[in-house]
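Biologist: Pick one part of this model and walk me through it closely, please. Then tell me about the contact between the chains too.

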Amino acid sequence: MNFDFSDDQKQLRDQARKFLAEKCSPKAVRVVLDGKTPYDKELWKGLAEMGFLGVAIPEEFGGAGAGHLELCVIAQEMGRANAPVPFSSTVYLAAEALLIAGSDAQKKRWLPAIAAGEAIGTLALFEGKGNPSPKNVKLTAANGVLNGVKKPVADGAIADFAVVAARTGSSGREGDISLFLVDLRAGGVEVKSLTNLDPTRGQAEMTFRDCKAEPLGAAGEGWSILSQVLDRAAVLCAFEQVGGSDRALEMGRDYALDRIAFGRQIGSFQAVKHMLADMYVSATLARSNSYYGAWALSTNAAELPEAAAAARISATQAFQHCAKNNIQVHGGMGFTWEFDCHMYYRRANAMALGLGSLSYWEDQLIDRMRKKNAA
Amino acid sequence: MNFDDTPQEAEFRAIARAWISANAPKQYEEELRKSSLGRTQLKNANILEVAKAWQKKKADAGWACLHWPKDYGGRGSSPIERVIWQQEEGVFGKLSQMFIIGHGMCGPTMMAFAREEHKRTYLPPLASGEKVWCQLFSEPAGGSDVAGLRTRAEKDGDEWVINGQKIWTSGAHYSDYGILLTRTDPTVPKHKGLTMFFLDMKSPGVEVRPIKQASGASDFNEVYFTNVRIPDHQRLGEVNDGWNVSLTTLMNERMSIGAGVATGFPELFDYCSSLMLEDGPAIEDRAVRSKLANWAVKASGLRYTSMRAISALSKGERPGPENSIGKLVAGSMIQDVATYALDLQGASGVVSGPEDAEVAGRFQAMLLRAPGTRVEGGTDEIMRNIIAERVLGLPGDIRVDKDVPFNKIPTKGRG
């Protein structure tokens, strides 16, 4: 049994960590946090040069052709660094959708551009309140044009293209949904930025008015493709969340070692030690669940839907837990804009919603476990 | 990343599987499978006798204490082979419960500190289950603070004379031998005046009294020592170095990686899958599903954490500190799971007799046994201290009694 990343993959992780420590310091993240730029363009360019954007994209489409385990270790470092770039929208959602359902021409058009850092992609799924569900897709597609409103769309304001979920039928079933590919530079979409929990990752409202679109995948297959994309993204996001949990735990631990109160290190008080021990427990459970997700993702195992839901839940809980208690360990200073704790708190809570909320994934997990037991 | 055995591992697994399939006491398999925390009795057989017979059979064929050297009754196996054996032994491993302390703690301590002739005499019958051992550390005045123990050992010629009381000794009532931590010098700070021995539990002056637990069952004992004499050659380690000896014992306490810890989750998932509530099947109820999902990811998180440790063993590496979370997570989880299962039963959840209760009262038994799991072998709080200090590197607790002679440490909180 080798339920671990390989030495090469660990080396890649170290390389990514080193790169991000240099190019994505908290100071650099703050430039985006303070609204001076919508994302870190220099970093994005650097990620392309390092080959990280296309690490799981096959060589024939301009990627490194490594694989999803490699992408998992990079995702973990992106989360750790709280990177203010549209990595998850572009790489986990848009690129994965193209890899699963794109025609050869579509892949050739967009995947090399993603790998080169020249195209930002996103998935336009949500339409206001509610979780992923065919019922919640109201935007229509007819005669090759889309009409409707999507919000929130992660990185919508900076995206060059979007994968859009649209209604093409009215039977009330999953087959009513189809996916479309929209070149956002071609017009027909009005984009409005939305103030959101985590300013280091933009959210937008996108209004489609007779917007030209080409089908992505077969008509009526949209929901089935989306489900696969969401499962794959759930695993990859879980690694970001694990990375974020690790960093939040480290920050809390370091502060508990440095800060003196009542004449001693606050990390010598059991109330603080136990809080940090519990954070370690959450992060460890999340890491192990995510490893299983990584295995299922990289081998396209039948277990992927269940593994993805478990990784998603566990990692979401861990990041929220570590981020909020990191602030608690820091006390008053943790609640200042000046300290970095709130950046992780914001990211943790935004990520907890991005692919559908915790309660949605809880529901998914139980459905999938029942399916497995019935089989 | 894969879950495949190496060729050598696969070969070992096949041999182990074949032997278990041909030799295990299959007539008890179903009953053992259904047993859960708080319920490990067999209906028509004495579980101690069945356990001893299975252990002897394993020993005769070379399947006892796999990781021990052959000279001492083991097989000289690698850690990963031991894990594979545990996986293959499956539910029959539940029969090993009475040997866990002897094999997991007393044996390794004897191996590290006993004289060679004692090792050759005492270890093989310990491995084969013919002799059962217990561990006599905890005292009324020393639980989490085990170095606060007060049982005295005083030198008299070539012998030591023991007086005092131990508590929470698992299996003392059926044990043949025990390892005993005593105080040999009360005038020095507490960690510096302890000495370890092993002794025959049938020695004159040893009295074992079962403790009736909060659950109503009696798995543990108090052991009283009145002028019990132990020859000096049964001393383990140097005089007054017993604390260091005990660390060897305690380090081995939670080394059982492959066996997995009980969380109660599989039982609860099964129960909810068939339970009908007023509005329909429990498993379709939103609130039930949310609870189940939260426990599911804890159970799977523990399972994959232990697989990561097994992978390290398979590669010949030492497992990381991750496994220290197992007992902490599982202990409170099984308590919460049992509480929730009863909640789902409504008022009838109060009925606990196996004949009348839901699913033969398994969750009621689990609930009543659960508080003990959060205390035994290190309380939740001690486990959190261990994670905080050894894994995260946080400062140790400030010990106000560290440099105080033991006999000057206050013994009462009030009055």
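Modeller: Quick bit of vocabulary before the details: two strands count as paired when DSSP finds at least two bridges between them. Keep in mind as well that this is a predicted model.

I'd go for β4 of chain B, the strand running over residues 177–183. This strand is mostly covered, with seven of its seven residues buried. That goes for both faces: one side carries Tyr177(B), Ile179(B), Leu181(B) and Arg183(B), and the other carries Gly178(B), Leu180(B) and Thr182(B), all of them buried. So yes, the list of buried residues includes a charged one, Arg183(B), because Arg is counted as charged.

Now for the partners. β4(B) pairs with β1(B), residues 133–136, in the parallel sense over four bridges. Along that pairing, Trp133(B) stands opposite Tyr177(B) of β4(B). With β5(B), residues 194–200, β4(B) pairs in the antiparallel sense, over seven bridges. There, Gly178(B) has Leu199(B) of β5(B) as its bridge partner.

That's the strand; on to the chain contact you asked about. Here 36 residues of chain B are in contact with 39 residues of chain A. On the chain B side, α9 (286–314), α10 (325–344) and α12 (380–391) each supply at least two residues. α9(B) gives the largest share, 16 residues. By type, the chain B side divides into 20 nonpolar, eight polar and eight charged residues.

How values were computed. Residues numbered from 1 in each chain as written. Chains lettered and ligands numbered in written order. Predicted model: local features only at pLDDT ≥ 70, side-chain atom pairs only at ≥ 80, totals over all residues. Buried ≥ 20, exposed ≤ 12 C-beta atoms within 10 Å, placed from the backbone. Contact = placed C-beta atoms within 7 Å.
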